[in-house]
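Hi,

Here is the structure I promised to pass on to you. Have a look at it first, and then read on for what turned up.

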Amino acid sequence: MSAATTRSRTPDRLCAEAVDLARAAAEEAAAPGVVGEHVGVVSDGDRVVTHFFECKELGYRGWRWAATVARASRAKTVTLDEVVLLPGPDAVLAPEWVPWSERLRPGDMGPGDLLPTDAEDLRLEPGFTGEDAPPPNSAVSHEMAELVEAEDAEVTEGPPARLPSAPARGSIPAVAEELGMRRARVLSRYGLHAAADRWEEAYGPKTPMAQAAPATCATCGFLTPIGGSLGQAFGVCANEFSPADGRVVSLAYGCGGHSEAAVMPKPPQPAPPVIDETRVDPFPLRPSADSGSVPATTDEESAELGHS
């Protein structure tokens with residue numbers, strides 16, 4: 001170990017004794033009453049010392065005010081270098097920064113947000129772009145030049161094999177674009193499995209809703225099929241009253257909104273009333289005298305019974 005290293009690790013005596021100077025500088029930089037006790041001193045080099053003071057400010061547990069002092073060679077006066085707030089060994093720190101690509105979760109995107117896709121994304125693989133060399137039986141090959149020449153006689157000036165660029169009509173890119181296959185990248189096998197696992201977890205047969213369902217989505221009339229290989233196991237729910245409306249659901253998923261779960265019977269329709277308009281039924285405005293349960297009597301008969 002060199003003598004310079006030994007001297008740098010030993011605090012300078014005059015700088016180490018300048019506690020009051022360091023405290024005054026820390027109190028000037030901090031808010032009143034937040035600079036606590038002197039908790040240590042560290043040598044940063046020849047005649048350079050840092051004094052640490054406890055920080056009492058709320059939210060900064062374990063942090064320390066660090067005031068660095070120094071003096072010139074052969075000088076007796078100690079001067080202030082800088083004052084900063086530094087975390088201590090047991091300080092409460094913010095979590096480690098994570099890139100946005102690792103923090104992003106499904107559902108975080110909002111209107112107007114753009115999500116760039118990594119060029120090496122494992123979920124995608126190269127698709128057909130028309131830049132590959134044409135196969136021997138393609139329209140731009142020498143073997144098929146005569147056939148394509150007869151077809152494109154009115155729109156080209158020579159055989160397609162001799163043209164600087166492939167003609168639009170009958171070329172591989174034109175056919176691929178017509179079939180909807182001209183995409184730079186498509187889902188890879190990993191991307192397909194990742195999507196299937198994600199959809200299966202959200203709307204699959206192991207969910208509580210599917211466990212209590214009367215039937216699966218494979219027999220539901222509200223299921224809209226999707227294309228591609230994923231269409232063999234998934235579809236889109238089109239029942240507005242289902243919890244999975246507009247979602248990609250597994251064919252083994254199910255809910256109480258199944259189209260055949262409970263077919264409601266039609267309410268019975270009463271027979272129409274029959275009105276006989278050929279005869280008139282008399283309807284008296286006053287009841288007849290003999291219509292009640294007690295026969296009508298005169299006042300004389302009632303008087304014999306003692307009634308007034």
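**What was found**

Let me start with a tryptophan: Trp 199 has a relative accessible area of 23%, so this residue counts as partly exposed. Its aromatic partner is Phe 234, with the ring centres 5.5 Å apart and the planes at 80°, an edge-to-face arrangement. Phe 234 itself is buried, at a relative accessible area of 3%. Because Trp 199 belongs to helix 7 (residues 189-202) and Phe 234 to strand 8, this pair ties together parts of the chain that are 35 residues apart in sequence.

Before going further, please keep in mind that this is a predicted model. The mean pLDDT of the chain is 78, and 69% of the residues reach at least 70. Element by element, the lowest mean pLDDT is that of helix 1, at 52, while strand 9 has the highest, at 95. Residues 1-6 fall below 50, and in the model this stretch makes 3 contacts beyond near neighbours in sequence.

Now the overall picture. The chain has 308 residues, of which 23% count as buried, and it holds 9 helices and 9 strands. About 23,200 Å² of the chain is exposed, with carbon and sulfur atoms supplying 55% of that area. Taking contacts between residues at least 6 apart in sequence, 51% of them join residues at least 24 apart.

Back to strand 8, since this strand has two pairings to look at. Strand 7 (residues 223-225) and strand 8 (residues 234-237) run antiparallel and are joined by 3 bridges; one of the matched pairs is Pro 225 with Gly 235. Strand 8 also pairs with strand 9 (residues 248-250), again antiparallel and over 3 bridges. There, Val 236 has Val 248 as its bridge partner.

Another antiparallel pairing is that of strand 1 (residues 35-45) with strand 2 (residues 48-55), over 7 bridges. Gly 40 is matched with Phe 52 in strand 2. The two strands form a hairpin with 2 residues between them, and Arg 47 in the turn has a positive phi of about 60°.

You may like the charged pairs too. How many salt bridges are there in the count? The number comes to 2. In one of them, Arg 71 meets Asp 12, with the closest N and O atoms 2.8 Å apart. This pair links distant parts of the chain, 59 residues apart: Arg 71 sits in the loop between strand 3 (63-70) and strand 4 (79-87), and Asp 12 in the loop between helix 1 (3-9) and helix 2 (13-16). Both Arg 71 and Asp 12 are buried.

Glu 17 and Arg 13 also form a salt bridge, and here the closest N and O atoms are 3.6 Å apart. Glu 17 has 53% relative accessibility, so this residue counts as exposed. Arg 13 is exposed as well, with a relative accessible area of 56%.

Finally, back to the rings. Searching the whole structure gives 3 aromatic pairs. Among them are Tyr 60 and Trp 63: the ring centres are 5.4 Å apart and the planes stand at 85°, which means the pair is edge-to-face. Tyr 60 is partly exposed, with a relative accessible area of 32%, whereas Trp 63 is buried, at 18%.

Happy browsing, and best wishes!

Key. Residues are numbered from 1 along each chain as its sequence is written. This is a predicted model: local features need pLDDT of at least 70, side-chain atom pairs count only at pLDDT 80 or more; totals for chains, interfaces and linings use all residues. Side-chain values use heavy atoms; hydrogens and water are left out. Helices (H or I, at least four residues) and strands (E, at least two) are DSSP runs, numbered from the N terminus. Buried means under 20% relative accessible area, exposed over 50%, partly exposed in between (1.4 Å probe, protein chains only). Contact means heavy atoms within 4.5 Å. Accessible areas come from the Shrake-Rupley method with a 1.4 Å probe; for residues, only the protein chains shown count as cover. Two strands pair if DSSP finds at least two bridges between them. A salt bridge is a side-chain nitrogen of Lys or Arg within 4 Å of a carboxyl oxygen of Asp or Glu. pLDDT is the predictor's confidence in each residue, from 0 to 100. Rings of Phe, Tyr and Trp (its six-membered ring) pair if their centres lie within 6.5 Å; planes under 30 degrees apart count as stacked, over 60 as edge-to-face and the rest as tilted.
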